[in-house]
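Here are some notes to go with the model you asked me to look over. Have it open while you read.

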Amino acid sequence: MAKKGSTYKMWPTEPDAPHKATPLETRFPTDASYSSDLASEGRLQESSKKEEVEREQWGNKAEFVLSCVGLSVGLGNVWRFPYLCYVNGGAAFLIAYIILQLLIGKPMYFMELVMGQYSGSGPTKVWRMNPAAKGVGVSMCMISLIVSIYYNIIMAYTLYYFFASMQETLPWTQCSEEWIRDYNCVSKYEASPAPCTLNMTQNQELGKCSCTGNSTIDNSSLPFNMSCTPKIVGTSSAELYFYNEVIQRSAGMAPSQMGSPLYRIVLCLILSWLVVVFCLIKGIKSSGKVVYFTATFPYVILLILLIRGSLLDGAKEGVEFFIVPEWSKLADLQVWIAAAGQMFFSLSVSFGGIIMFGSYNKFTNKVYTDSLIISFTDMITSIIAGFVVFTTFGGMAKATGRKVSEVAKGGYGMAFVVYPEALSGLPPSQLWSVLFFLMLFTLGLDSEFGLLETVITCIQDEFPKLKKYKTYICIGLSCACFLMALPCTCPGGDYVVTIMDHYGSDFAVLIVACFEVISVMWVYGVMRFLKDIEYMLGSRPHGWPYWVFCWTISSPLLIALMFLYRMVRYKPPSLSDGTPFPHFAQSIGWTLLSLVLCPIPLLFVWRLVKSFLDPSVTTLKSRLHFLFSPTPDWGPNDRSARKLQEVTSSDSLSMEKQSYDTPELVKGDLEKQTLSYDNPAMIHDDPAIIHERL
């Protein structure tokens, strides 16, 4: 029986009892047709079960959260964030980073998780919500492919150092005769003596003093059989080891300077891809189990290194260098641009991986809470990594008599030059080095999972028949990525990686993010998007006006302004000596960027052409509807809603009037949950209820 106060009505038990037909009752006019619909329902259930079998789901919530954390928390959190924070005003950069997280990062992260979970589709198929914008999803897939190619090169470097750390003497702590002769190699920096003064008694007490550059002061000690010690200017053995021994970086990137693949890097790259394939061979069923280790192990090592670094003499100076703000930097637009770049790189927004991971969720998963936890975890991890790095650098600076500013370096230098040098002074140095580079590899591994799985998911969504060949797709795609990465293993490969990173992901992501948020919130509609969330989660997200403001105003506006600023103040990447990349290299970079972005206009034009080929599209209004309205197969990844959609579509209801968009068709949510086919009292029920069940 229906509950008291229910808006539902029971069918009368007497055959001649009056019954007021509802608009939906015409679809269920007789018992015979009702039986027919029950049979149809059985077929729909079988179809739904087949879809569920084809579409994988996470084993549990922990696998999903850890995979998202692993995708967001990567190598950049260890070397990129601390250095950017240092060069852009310390805490001032952190403030800018947090503000942009609130205005762009968190809203877009939440939006992408909702898109994937609601539709059960990857980055390309999800654009059934706005078919004219499907090129955005294809561009996401291409960006993920490019990043997955060069990201594994960096992982190969970590494996190289991982195995090198097992030697009796760490190889980056020794200077060869050639390095001493050509580069004035210094295996270990030593603290410089105090500067000389005109007080000879003080100079004699010091025993030796360092030259000041003032001839009067420096020569005053000569009568006392003393001479000042010149400041030694040399190159550290750790820096020479990485650039001259590991990657053997060439002086330029002309074709004649590229060289041949370095076999040691190639072997490490093969091993890295083998590990990735082994973990992804069964899709999320296998990678979801691996992340229990790869997503948690780095935190164990970071905690150990943080404790060890905090005990070093000089750690306080390193922390102050990291967090003391330069408030004037907040007025510098470059600081905000750097913070935005780090946010996109770190959260992996607009790379497609977030949509992909969300698509494997259960339809009713509380994705709102998950998005807040994951984005907060990413930010906290970056801050922790900053403390780990700069406590160690503070101790290193104290021991060598240098400033922290002379220790810190950006990019590869943070992970493969300075930190190995710092670890060599922590006994037992081999243990700390092995742990550190194993941590770096695991950080990169689960990020690589997300990037490659994004590409695989896009292929399977576009060609569903290939789903049963997922193992072969994974192996074939990995082999192709390995072959495409071979130029990155050459002596000139470091410059190739820079081109791929600068043009293929850094620039492209800003443009894709702008098109993405506009296509969803301004074309599909922010209020419709909120209705989808309400249908999926049972209520709107807390503080929904804030989300609406970020989605419709702050995110697209700030992203567009940052892209324009980057274009106006554009600076090409440079060689090791500061010289800008040659024109041919920049041309290759712009070509790569164009290749990544061309699906956006091309697929829009293709959709426009199809509208002219469709005989039913005759007016401007119908053409706009064909371009920008959801396709008939767009809908929630929910079995009951799918069945309702199939029923309503036969009666020419427009997408705007189907279940999840129309409150009139989604009524009595709480009571609907209590209905059951197993309840005999509910067999003869109102047609509207039967409609909802189907």
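The points below go through the cavities, an annotated site and two helices.

1. Some ground rules. This is a predicted model, where local features need pLDDT of at least 70 and side-chain atom pairs count only at pLDDT 80 or more, while totals for chains, interfaces and linings use all residues. Residues are numbered from 1 along each chain as its sequence is written, and side-chain values use heavy atoms, with hydrogens and water left out.

2. Cavities. I get 5 cavities of 30 Å³ or more, a cavity being a set of points on a 1 Å grid over the protein atoms alone where a 1.4 Å probe fits but cannot get out. Grid points are joined across faces, edges and corners, and the volume is the space filled by probe spheres set on the points.

3. The largest cavity. Its volume is about 140 Å³. There are 13 lining residues, with Leu71, Tyr151, Phe345, Ser348 and Ser447 closest to the centre; lining means having an atom within 4 Å of a point. At least two lining residues come from each of H2 (61-72), H3 (75-87), H5 (134-164), H14 (333-347) and H19 (429-462). Helices here are DSSP runs (H or I, at least four residues), numbered from the N terminus. The lining splits into 6 nonpolar, 7 polar and no charged residues. In that scheme Ala, Val, Leu, Ile, Met, Phe, Trp, Tyr, Cys and Pro are nonpolar, Asp, Glu, Lys and Arg are charged, and the others, Gly among them, are polar.

4. The annotated site. An unreviewed UniProt entry marks Gly70, Val73, Asn77, Ser346, Leu443, Asp446 and Ser447 as "binding site". These residues span 378 residues in sequence, yet no two of their C-alpha atoms are more than 13.5 Å apart, so they gather at one spot. Asn77, Ser346 and Ser447 are also part of the lining of the largest cavity. Bear in mind that such annotations may be inferred rather than shown by experiment.

5. Two residues of H19. Leucine 443 sits in this helix and is buried at 4% relative accessibility, where buried means under 20% relative accessible area (1.4 Å probe, protein chains only). Glycine 450 belongs to H19 too, and its relative accessible area is 0%. The C-alpha atom of glycine 450 lies 9.3 Å from that of serine 287, although 163 residues separate them along the chain.

6. The second largest cavity. This one holds about 110 Å³ of space. Its lining has 5 nonpolar, 2 polar and 3 charged residues, including Arg80, Asp501 and Asp506. H21 (493-537) gives the largest share, 5 residues, and H14 supplies at least two.

7. How straight is H21, going by its end C-alpha atoms? They are only 48 Å apart, short of the 66 Å that a straight helix of 45 residues would reach at 1.5 Å a residue, the expected span being 1.5 Å times one less than the number of residues. H21 bends by about 95 degrees at glycine 525; the bend is the angle between axes fitted to the seven residues ending there and the seven starting there. Of its 45 residues, 34 are buried. Glycine 538, just after H21, has a positive phi of about 95 degrees.

8. H4, for contrast. The 29 residues of H4 (residues 91-119) should span 42 Å, and the 40 Å between its end C-alpha atoms agrees. H4 still bends by about 55 degrees at glutamine 101. With 23 of its 29 residues buried, H4 is largely enclosed by the rest of the structure. Glycine 120, just after H4, takes a positive phi of about 65 degrees.

Note on methods
On a 1 Å grid over the protein atoms alone, a cavity is a set of points where a 1.4 Å probe fits but cannot get out, and a pocket is an open set with protein on both sides within 12 Å along at least five of seven lines; lining residues have an atom within 4 Å of a point. Buried means under 20% relative accessible area, exposed over 50%, partly exposed in between (1.4 Å probe, protein chains only).
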